[in-house]
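Got the viewer open? Let's walk through this one stop by stop, with something to select at each.

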Amino acid sequence: MVRVAHIHMSGCTGCLISLADTYEKLLDILGAVELVYALTLSDEKTEITETNDKILIERKIPENIDIALVEGSVCLDDHHSLDDILTTRKNSKIVVALGACAASGGVTRFARGGQMSQPSHSAFVPIGDVIKVDLALPGCPPSTESIVNLIMAALNGDMEYLEPFAEIAKYGKDACGCDVIKGVIDMSLCMGCGTCASACQVKAIDMIDGKPNIMTEFCIKCGVCGAQCPRIRFPKVVQKIE
Amino acid sequence: MDPFGTYNKAISARATDKAILKKSQDGGIISASYIYGLESGLLDGVIVANTEKGFKAVPKIVTTPEEVLNAAGTKYTISPNVSVLKDAVREYALEKVGIVGTPCQVQAIRKLIKYPMGFRHTDSKIALILGIFCMENFPYEGMKAIVEQYAGIRMNDVLKTDIGKGKFWVYSKSGEVKTVALKDTHMYEQKSCHVCMDYTAELADISTGSVGSPDGWSTVFIRTKNGEEYINKMVEAGVLETKQIEEVKPGLELVQKLSLQKKEKNEKELGHRKELGLPIPY
Ligand SMILES: Cc1cc2nc3c(=O)[nH]c(=O)nc-3n(C[C@H](O)[C@H](O)[C@H](O)COP(=O)(O)OP(=O)(O)OC[C@H]3O[C@@H](n4cnc5c(N)ncnc54)[C@H](O)[C@@H]3O)c2cc1C
Ligand code: SF4
Ligand code: SF4
Ligand code: SF4
């Protein structure tokens, strides 16, 4: 059985909820894998040590993980967080940055500290800034279907399908609405299909006179617009129709 | 070079409903498919390029035959039809969406079906993908310059536009017919069209255009199983009249010629951009 873990960094659990949103497909996936770690769904890996003055709760990220689905970014000001992500990398064959926060920082890009009870927690980065990431799936959250597709492709070793996600893991850490300006409009590639506008989960893109207009104040740097644009990436597998 | 992409069958066809033919660009295949779908329940909503004031094209989600007819006809300007796809399944709660698009838009739809990162619960709601042939498109201001400055017709007075027989045709509501030589329109083309390697909407379920068939008829490629079942139902219901493509003039030969012209020209442009170190879709 393939050993899958869900690692929760500075995320909102929305990515995991999106996975759970597959209903019966989730059961298929869970039937095909062994979920070895997921704090939200199972607690058997928690170790509780009681001493005289405190109760220590330790959640151990298991060894020999095949696929680690990591949700959330890394808070550089929180050493637990750093330990967790380093352990995850050490213990996992494939690390997937699941969702915008893990892949490109997402909404946590805007974090700047100053809030109780840890006003010093101000620095948040995509996990790829700290460890090597194999696959990154943008979205806030990524759609249910895209999570299933990615997991199934990973289970089947369908590297052709996964190639775009491997590229986003390498180059996608700075994702922003500017991607479609710089990479598509400015490169004379935008033909005005409107996919980016439809994909944007916060409606930060308006199509004006047939071209996307990015309202940067709304953009949460989720990376979905650039990832969905067929004029940046048009994988060969898309060309097969039946 | 493969001119047409995958297809099961090519035919020449037109709608049998006179009201559709009256408003449509060519054989009314798109409007007839939409209307048939809405009336039979195969579709519960469709996306059109609505005709708005000043002959502007604006994507719209519609659910009635009247609205489909109101949007019939070609607008030679960008209508970002995919931009309202997610709204169709969210705000309109549609379960069986029909969508029409130029080849590039159909490519975008196929990509978002295979890689639906920002499209939760959307791909399973797309019931029919219709494609229209496309040589190139124009930004709105470009179309306006052609129509107003070259053809001398005001945008608010435009009834229909068409590209055919080497000319850009403008028909006014008062019955005027003006033409503009295509060479005068080239400078207004959307430049991103020059890297486009698809003429006949190769990834649609059904794609259609005017080229290859006589006036008032359409050339139709039936590409997928879904498309084939859909067309068969339409023919059975008597909403489409069809002919073998081999029986009509000029037939597929002309479609092939134009398709290859487009692909060869744009392949050069792709090569040129690569030489300059500029990115191209890959
Ligand atoms: C920019 C452009 C270039 C074209 N170039 C060619 C060509 O080179 N050769 C050829 O044979 N045919 C071409 N066509 C297709 C042709 O003009 C007709 O659209 C097609 O034959 C369908 O006719 P119909 O009578 O079946 O559709 P109709 O019943 O008239 O319906 C047409 C449908 O297309 C939609 N539509 C109109 N304009 C647009 C647009 N700009 N973007 C997206 N959807 C739109 C309308 O909403 C409507 O639903 C082109 C179309 C466009 C938009
Ligand atoms: S514009 Fe929208 S889709 Fe693009 S990165 Fe920003 S929030 Fe995401
Ligand atoms: S998705 Fe379509 S509209 Fe958006 S940038 Fe890409 S080509 Fe342009
Ligand atoms: S030529 Fe290609 S890119 Fe331009 S509008 Fe037509 S299909 Fe789209």
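Start by showing chain B and chain A together: they bury about 3,900 Å² between them, 57% of it on carbon and sulfur atoms. Buried area here is the accessible area (1.4 Å probe) that two parts lose on being put together, summed over both. Now select B:Y115, B:M117 and B:Y282, which supply 22% of the area that chain B buries against chain A, more than any other three residues.

Before going on, some ground rules: this is a predicted model, where local features need pLDDT of at least 70 and side-chain atom pairs count only at pLDDT 80 or more, while totals for chains, interfaces and linings use all residues. Residues are numbered from 1 along each chain as its sequence is written, chains are lettered from A and ligands numbered from 1 in the order in which they are written, and side-chain values use heavy atoms, with hydrogens and water left out.

**Across the interface**

Select by contact (heavy atoms within 4.5 Å) and you pick up 44 residues of chain B against 50 residues of chain A. There are four salt bridges between the two chains, each a side-chain nitrogen of Lys or Arg within 4 Å of a carboxyl oxygen of Asp or Glu. Zoom in on the one joining A:D209 and B:K56, where the closest N and O atoms are 3.5 Å apart.

Polar contacts come next: 31 residue pairs across the interface, both residues at pLDDT 80 or more. The rule asks for a pair of N or O atoms within 3.5 Å; within protein, one must be able to donate a hydrogen and the other to accept it, and residues adjacent in sequence count only if both atoms are side-chain atoms. On the chain B side, color α4 (85-90) and α5 (103-114), the elements that give two or more residues to the surface touching chain A. The largest share, eight residues, comes from α5(B). Helices (H or I, at least four residues) and strands (E, at least two) are DSSP runs, numbered from the N terminus.

**Back to A:D209**

Stay on A:D209 and check its backbone: phi is near 50°, a positive value in a residue other than glycine. A:D209 is in the loop between β10 (205-208) and β11 (211-214) of chain A. Then hop to A:K221, with phi near 55°, in the loop between β11 and α9 (224-228) of chain A.

**A sheet in chain B**

Select β6, β7 and β8 of chain B, an open antiparallel sheet in the order β6-β7-β8. Strands pair if DSSP finds at least two bridges between them. β6 (158-164) and β8 (177-181) are at the edges with a single partner strand each, so one side of each is left without a neighbour in the sheet. β6(B) and β7 (residues 167-172) pair over six bridges, and B:D162 has B:W169 as its bridge partner. Add helix α6 (residues 140-150), which lies across all three strands at about 70° to β7(B); axes are lines fitted to C-alpha atoms, for helices over the stretch in contact, and angles run from 0 to 180 degrees between N-to-C directions.

**Two cis peptides**

Which peptide bond of chain B is cis, with omega near 0°? Go to the bond from B:K249 to B:P250, where B:P250 is in the loop between β11 (240-244) and α9 (252-275) of chain B. For chain A, look at the bond from A:M116 to A:S117, also cis, with omega near 5°.
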